[in-house]
Amino acid sequence: MKLRLAVAAVLAVGLSACAPSTSSPSSLPSDGGARSGTLKVWLFDEPNRAPKEAVVKDAVAEFTASHPDTKVEVAYIAVDTRSERFKGAFNDPASAPDVVEYGNTDLPEYAAAGGLADLGPTVSRWAEGADLGAEAKASATYQGTLLGVPWFLGVRALYYRTDIFQELGLKPPASIAELTSTARTIRQKKPDMFGVAVGGKYTYAAMPFVWDAGGDITSLDSAQSRAGLTAYTNLIAPDNCPPQQCADLTGGKTVDLFAGGKAGMGILGNFNRAAVDAGAAKGKYAVVPLPGSKPGSIAPAFAGGNNLGIMRNSQRPALAGDFLTLLAGKKYQTRMYEAMGNLPTLKSASTEVAAKDPFLKPFVATIAAGTKFVPLDPGWGKVDASAVLPTMIEKVATGRATVDQATAEAAKQIDAALGK
Amino acid sequence: MTTVATAPPRRRRGLTPLWLLLPTAVVLGVLFVYPMWQLGLLSVLDFRQAQVSGGQPTRFLGAENYTRLFGDPRFWSVLTATVAFAAACVAATLAVGAGLAVLLTRISRVPRLLLSLAAMAAWAVPSVSGSTVWMFLFDTDLGLVNQVLGLDGYNWMYDRYTAFALVGAVVVWHSFPFVMVTLYAGIEAIPRSVLEAAAIDGSGAWRTFWRIMVPILRPLIAIVVIQSIIWDFKVFTQIYVMTRGGGIAGQNLTLNVWAYQQAFASGEYGLGAAIGVVMMLILLVVTLLYLRTLRRSGEPL
């Protein structure tokens, strides 16, 4: 009996002591924290990282020269597993970085988790802050709080191999129908190449087809969305990109394929230029906007891009702000454009590079034609992390489900995640 | 031991074992009871990313995570796949391990040494690197296997069953050495006279294995079977690395990888914990049933 009481007592104590840990993020040190010490920075890894790393290295050197007794530790994290890494950082402030690069689609999720610091004061103090357009600022604002500085914009367009097109007497496609027939011609004439490299896991290549047809992510089971998805999955077929090889391709893999000369066309971003120039396709390609179904139209592109932010747990927010504004400033945005093809977000920088470089013309035209975005909802992170859209595309591409079945299933999951 | 136990007075002897067990109990408590308690607790809470970072209050849900789980057709298909995959892996691991253990007792020193070294190497390779190397070998475009077999462009991960078979082969490759070494040691310990008597009575290798070795090795076999069931049911690394987190359209998901996706990628820690609890219970039941049948068949363990 005594023993039983003791056990009950221990359990009772345990119940209160063993509740799952919840980290309450400490608020920013009001004085801006220490002005020296080590600043931890997380940037995204890239298919071809060396040029990015070189620019960042210069920025770090400039920063440490003007800030005595500081060290900057830069880590490059894999994009595929960023969700887990960021959650780990939110939950364990001790190992979290100070400055982070993050995808603009992740903003609502990180904001809801309370992981990012308010950058309003930092940006209003920043001399170049005024150069940031209202639209750019709005894209990094969640429920009235500015949680990031847009670092670069990324839109995708159609890269094609000029040498192959010339050899086969082809013209850059001006509609989705032409894109499909051109791709089939290339595959037919050159069986060891894919017409256009498309992948089952490459959501941002598939969505323009859906948007062009008048569909959207939040209404995947509509007739328009289904028509758009059909247009995309028709490309994952033996006469262009066989499901055996293409059903599980990610966007990064299609970049590798196009850069490596294994594909006649690819739906790649402006930020993939460095990777393509490092491959066999160097100097033998040109870019046009991804066409829509109406001849001459442009399919709405996904307005991708990355922001720089400061973690709410950072112990050196003032120092982090200094580094962030240096890296996001015109000088390094321009350098990042030269290194990676990243489209600058500062107005003066973007007009400057667009005027200088004809490569940007199709991307600027794509942006001008109107872009689309994923739902601004904390639940989007869950949709993304549980691979709802890739699963839908893969099911159709491998013939495991019809377009109607796959879209109905995905729409249900998305509605559940977005709490509709 | 007995001399120590008889020396102190009667009452002290009753308490001594408890004191001696205390350090172990503390270690076990910290390493097992506390995490299991946390797992069970999380599985009845509404505990998502927002709750972890303190953005929203934690709510008690009762069995809601479990009802959600059992109501999800995905869970049942993943569970079926996991059980079938684990069963196939256990059977294959035991067959390969036992076959090679018998082989080890019959070959001369140099081949025996080579076989042992090869097995040890497979055992020692960390599962992430092992899986990655196998991935390279079976790569669609550049893999050695496809080049040798002339299967250029054949994607081993495309079909659900070839993908499972390939991952299964890697799992077996990683785990057969343990079975082989354990059974080899057991076979070596069987008295020569018994085996000789069997041979004189005209028993062949097959018959000797089933009628002499297996009954004598029953306790050892019980250990390797249970170990294999636990390992193969919980397999994570090979699936996660080789099928890139569950294969095309999630066709190669197993419970462990799915729980990881739910908990860490989607931030549904409560639901992930519920999957963990279900897995633990299944393993517990399987292990108990297996031990019971062994006991029933007459051999004390």
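How far apart are the end C-alpha atoms of helix H20 (residues 403-417) of chain A, and what should its 15 residues span at 1.5 Å a residue? The ends lie 21 Å apart, which agrees with the expected 21 Å, the expected span being 1.5 Å times one less than the number of residues. This is a predicted model, in which local features need pLDDT of at least 70 and side-chain atom pairs count only at pLDDT 80 or more, while totals for chains, interfaces and linings use all residues. Residues are numbered from 1 along each chain as its sequence is written, and chains are lettered from A and ligands numbered from 1 in the order in which they are written.

Helices (H or I, at least four residues) and strands (E, at least two) are DSSP runs, numbered from the N terminus. Within H20(A), the buried residues are Ala406(A), Thr407(A), Ala410(A), Ala411(A), Ile414(A) and Ala417(A), where buried denotes 20 or more other C-beta atoms within 10 Å of the residue's own, with C-beta atoms placed from the backbone. Seen down the helix axis, these buried residues fall within an arc of 130°, so they line one face of H20(A); the arc is that of the directions from the axis to the C-beta atoms. Their cover includes helix H10 (223-233), H18 and H19 of chain A, by contacts in which C-beta atoms, placed from the backbone, lie within 7 Å. Just after H20(A), Gly419(A) adopts a positive phi of about 65°.

Strand S12 (residues 304-310) of chain A has seven of its seven residues buried, so the strand is largely enclosed by the rest of the structure. Gly304(A), Asn306(A), Leu308(A) and Ile310(A) point one way from S12(A), whereas Gly305(A), Asn307(A) and Gly309(A) point the other way. The strands that pair with S12(A), pairing being at least two DSSP bridges between two strands, are set out below.

| Strand of chain A | Bridges to S12(A) and direction |
|---|---|
| S3 (residues 99-103) | five bridges, antiparallel |
| S6 (residues 149-154) | five bridges, antiparallel |

Asn306(A) of S12(A) is the bridge partner of Gly103(A) and also of Phe152(A).

Turning to chain B, its secondary structure comes to 14 helices and two strands, and 31% of its 301 residues count as buried. The C-alpha atoms of chain B fill a box of roughly 75 × 75 × 30 Å, taken along the principal axes.

The contact between the chains takes 28 residues from chain A and 28 residues from chain B. On the side of chain A that touches chain B, H3(A) supplies the largest share, five residues.

Notes. A residue is buried if 20 or more other C-beta atoms lie within 10 Å of its own, exposed if 12 or fewer, and partly exposed in between; C-beta atoms are placed from the backbone. Two residues are in contact if their C-beta atoms, placed from the backbone, lie within 7 Å.
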